[in-house]
Amino acid sequence: MLIIRNNYLPPKRFEALNLFGVLFCRRHANLSKALLQHERIHSAQMREMLFVGFYLWYAAEWLFRLTQKGNAYEHISLEREAYAHMHTPGYLQQRRPYAWLRYL
């Protein structure tokens, strides 16, 4: 995964921003192993959904989750998979395609 350190992306309240498999972070951000794993899981999701599908699904599910109780972001299936396995060594090597569907 290409990591680009800069002074502009992501917005200040975020640690990192993964756009089409390229990770943007602030110049002095501390990228933990867990955060990198989380973002690599998102990159795998993006590839299997041909990138545009990932963003369309993400936006649609976020909008749907806004109508439900709780934090919409935390209930997005793509995020739930990434958070559930960000501390699991070797997860990406054994991950099945579309594993995020189990988190709907």
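Along strand β2, which side chains point to one face and are buried, and which point to the other and are not? In this predicted model, β2 covers residues 16–19, and A16 and N18 share the buried face. L17 and L19 point the other way and are not buried. That kind of pattern is familiar: in a regular strand, side chains alternate between the two faces of the sheet.

Strand β2 doesn't stand by itself. It runs antiparallel to strand β3 (residues 22–26), and four bridges join the pair. L19 sits opposite V22 of β3. Two residues lie between the strands of this hairpin, where F20 takes a positive phi near 55°.

Now for the nonpolar cores. The largest one is made up of seven residues, namely M46, M49, F54, Y58, I76, L78 and W100. Apart from it there is another core, this one with six residues, including A16, L23, C25 and L35. In soluble globular proteins, nonpolar side chains tend to be buried together. Back in the largest core, I76 is in contact with Y58, E61 and W62, once its neighbours within four places in sequence are set aside.

Helix α4 (residues 77–84) holds a charged residue to look at, E79. E79 is buried but has no salt bridge, and the nearest side chain of opposite charge, that of R80, is 10 Å away. What E79 does have is a polar contact of 3.1 Å between its side chain and that of H42. Neighbours within four places in sequence aside, the residues in contact with E79 are H38, H42, Y58 and Y73. Y58, as it happens, also belongs to the largest nonpolar core.

Technical notes. Residues are numbered from 1 along each chain as its sequence is written. This is a predicted model: local features need pLDDT of at least 70, side-chain atom pairs count only at pLDDT 80 or more; totals for chains, interfaces and linings use all residues. Side-chain values use heavy atoms; hydrogens and water are left out. A nonpolar core is a set of buried Ala, Val, Leu, Ile, Met, Phe, Trp, Tyr and Cys residues joined through side-chain atoms within 4.5 Å. Buried means under 20% relative accessible area, exposed over 50%, partly exposed in between (1.4 Å probe, protein chains only). Contact means heavy atoms within 4.5 Å. Lys and Arg count as positive and Asp and Glu as negative; His and the chain ends are not counted. A salt bridge is a side-chain nitrogen of Lys or Arg within 4 Å of a carboxyl oxygen of Asp or Glu. A polar contact is a pair of N or O atoms within 3.5 Å; within protein, one must be able to donate a hydrogen and the other to accept it, and residues adjacent in sequence count only if both atoms are side-chain atoms. Two strands pair if DSSP finds at least two bridges between them.
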